[in-house]
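Got your viewer open? Let's take a walk through this one, selection by selection.

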Amino acid sequence: MTAPARAAETDQMILRGGRPLMGEVALKGAKNALPKIMVAALLTEERCILRNVAGIVDVTIVSDLIAALGGEVSSPEPGVLEITTANLHPMQRSVLKEFSGKSRIPILTCGPMLARFGESPVPSLGGCQIGTRPVDFHLRALQDMGAELHDATGNAHLTCERLHGNKIKLDYPSVGATEQVILAAVRAEGVTELSNAAMEPEIMDLIMVLQKMGAIISVDVDRVITIVGVKRMRGYDHTTIPDRLEAASWASAAIATNGRIFVRHARQEHMMTFLNRYRQIGGDFRVSDDGIEFWRAGEKLKSTALETDVHPGFTTDYQQPFVIALTQAQGVSIVHETVYEQRFGYVEALNSMGAQIQLYRECLGGLKCRFGQRNYKHSAVIVGPTPLRGAEIHIPDLRAGFSYVIAALVAEGVSTLHNTALIERGYENLVPKLRALGAEILD
Ligand code: EPZ
């Protein structure tokens with residue numbers, strides 16, 4: 001797999017703002033689906049073909065990890081990956097160390113590696129710094145399925161002859177923990193009933209792949225997923241769903257800059273909650289078979305009060321780009337972030353550009369939240385509209401990075417964004433896409 005041009009950590013982008021974004025961008029496969037479907041290839045020795053693959057860092061990380069485990073990963077044509085893991089060997093701690101800290105995906109290899117080898121080291125994880133992001137739900141679920149956890153502090157590892165099915169209830173509908181259980185249960189002995197599961201479109205895409213491979217999985221009402229373990233899994237040929245999170249990012253950019261963007265391949269059924277909110281603040285959109293066009297309905301945007309939530313709620317990954325649009329809305333908006341405890345870290349830099357955003361420890365919303373009274377500033381009040389001016393900004397995480405790009409495009413004057421490599425974790429070809437939309441990027 002030819003790695004996308006890995007920008008150096010000190011990579012930067014210089015943008016002159018004040019112009020609307022106009023034109024078209026095309027989505028590729030979802031960043032939060034592709035790497036997990038690649039991990040599913042560890043469950044079989046047969047050839048797996050994955051299509052609509054985006055050239056993003058998270059895909060490269062998992063390609064390199066599978067290759068380091070003895071798997072073969074090739075790209076017979078652009079956007080297509082071929083994965084064969086017939087010659088897989090057990091995960092060595094040294095291999096894991098190389099990948100730990102880069103991404104959260106390696107933790108999902110535990111189930112397949114236990115199925116193949118009866119053992120798996122537990123990786124320490126990377127990913128965006130938006131909270132503590134523990135893996136206690138993952139480990140507890142694997143132990144509920146019979147895995148034994150050794151040395152839980154230092155070099156933790158799991159052992160198990162063969163995982164067995166169980167009734168597992170997640171404390172919180174965690175996306176990663178849901179994927180962990182599904183990837184472990186498909187080859188376990190007996191039936192696993194997972195309740196309080198996450199139901200994101202990316203998880204449904206993973207379930208489709210596993211069903212193609214021979215798994216028996218049902219998704220019932222009330223967040224219950226039932227998996228009947230099978231002895232053998234076949235290869236797959238799968239086209240990944242488009243990236244709804246990238247679609248929402250461009251939609252937010254369209255109304256924040258008062259432009260008009262057609263996002264090719266965006267699908268209404270994946271982003272209905274977002275579209276409702278979008279319309280409520282004065283955005284408008286037209287759905288067609290091959291995508292969705294986004295623009296401002298009138299001259300002014302309207303403030304709103306919203307809470308992030310697990311799917312089908314307003315996804316936490318929509319939040320940061322959407323807040324930039326709220327800085328341009330008339331009046332006072334409130335955002336209660338209920339999924340991550342520290343996902344407003346990016347606000348300080350926005351205020352230095354002229355935004356008026358105040359953070360609060362209180363839960364400013366009706367949703368039951370795990371962070372109330374725990375001293376996390378996880379609610380924001382945004383006063384708008386505020387003119388933004390260019391600034392020099394260091395990017396802390398992926399979605400905040402994209403929101404800074406939007407803020408720089410809204411701002412009068414020039415902004416310099418540092419560490420733009422973080423944005424490339426999830427947005428393929430960002431600079432060419434921005435240029436195609438008329439953004440003025442100064443080399
Ligand atoms: C996935 O992260 C996504 N990443 C995130 O997208 C997304 O924001 C998140 O799901 C929620 O939708 C990928 O799919 C690669 P979680 P994940 O487990 O699985 C707590 C982006 O920008 N938790 O649903 O790591 C956790 O701390 C990224 O694309 C535990 O307490 O998220 C968080 O507060 C950012 N213990 C909450 O659950 C655990 O064992 C949700 O986390 C696991 C999670």
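## Stop one: the ligand

Select Asp-317 along with the ligand: a polar side-chain atom of Asp-317 sits 2.7 Å from a ligand oxygen atom. Keep in mind as you click around that this is a predicted model.

Now add Val-339. Here the partner is a polar backbone atom, 2.7 Å from an oxygen atom of the ligand. Gly-176 also uses its backbone: an N or O atom of it lies 2.8 Å from a ligand oxygen atom. How much of the ligand does the protein bury? On its own the ligand exposes 830 Å², and the protein buries 93% of that.

## Stop two: the shell

Next, show everything around the ligand. You should get 24 residues, and the ones that come nearest are Lys-36, Asp-136, Ser-174, Asp-317 and Val-339. Color the shell by residue class and you'll see 10 nonpolar, five polar and nine charged residues.

If you draw pockets, look at the largest one: that is the space the ligand takes. Switch to cartoon and pick out α5 (136-144), α6 (175-185), α10 (316-327) and α12 (398-410), the elements that each give two or more residues to the shell. Which of them gives the largest share? That's α5, with three residues.

Now color by domain, with domain 1 as 5-27 + 242-442 and domain 2 as 34-239. Why does the ligand lie between the two domains? Because both of them give residues to the shell around it.

## Stop three: backbone oddities

Time to leave the ligand and check some torsions. As a reminder, most peptide bonds are trans, and most residues other than glycine have a negative phi.

- Select His-311 and Pro-312: the peptide bond joining them is cis, with omega about 10°. Pro-312 belongs to the loop between β18 (305-307) and α10.
- Move on to Gly-384 and Pro-385, also joined by a cis peptide bond, with omega about -5°. You'll find Pro-385 in the loop between β21 (379-384) and β22 (392-394).
- Finish at Asn-196, which isn't a glycine but has a positive phi of about 60°. Look for Asn-196 in the loop that runs between β10 (191-195) and α7 (201-212).

Methods. Residues numbered from 1 in each chain as written. Predicted model: local features only at pLDDT ≥ 70, side-chain atom pairs only at ≥ 80, totals over all residues. Heavy atoms only, no water. Near = heavy atom within 4 Å. Polar contact = N/O pair within 3.5 Å; in protein donor to acceptor, adjacent residues only side chain to side chain. Areas by Shrake-Rupley, 256 points an atom, 1.4 Å probe, with all protein chains shown as cover. 1 Å grid on protein atoms, 1.4 Å probe; cavity = no way out; pocket = protein on both sides within 12 Å on 5 of 7 lines; lining within 4 Å. Sits in = over half its atoms within 2 Å of the grid points. Helix = DSSP H or I, 4+ residues; strand = E, 2+ residues; numbered from the N terminus. Nonpolar A, V, L, I, M, F, W, Y, C, P; charged D, E, K, R; others polar. Domains from an automatic or database assignment.
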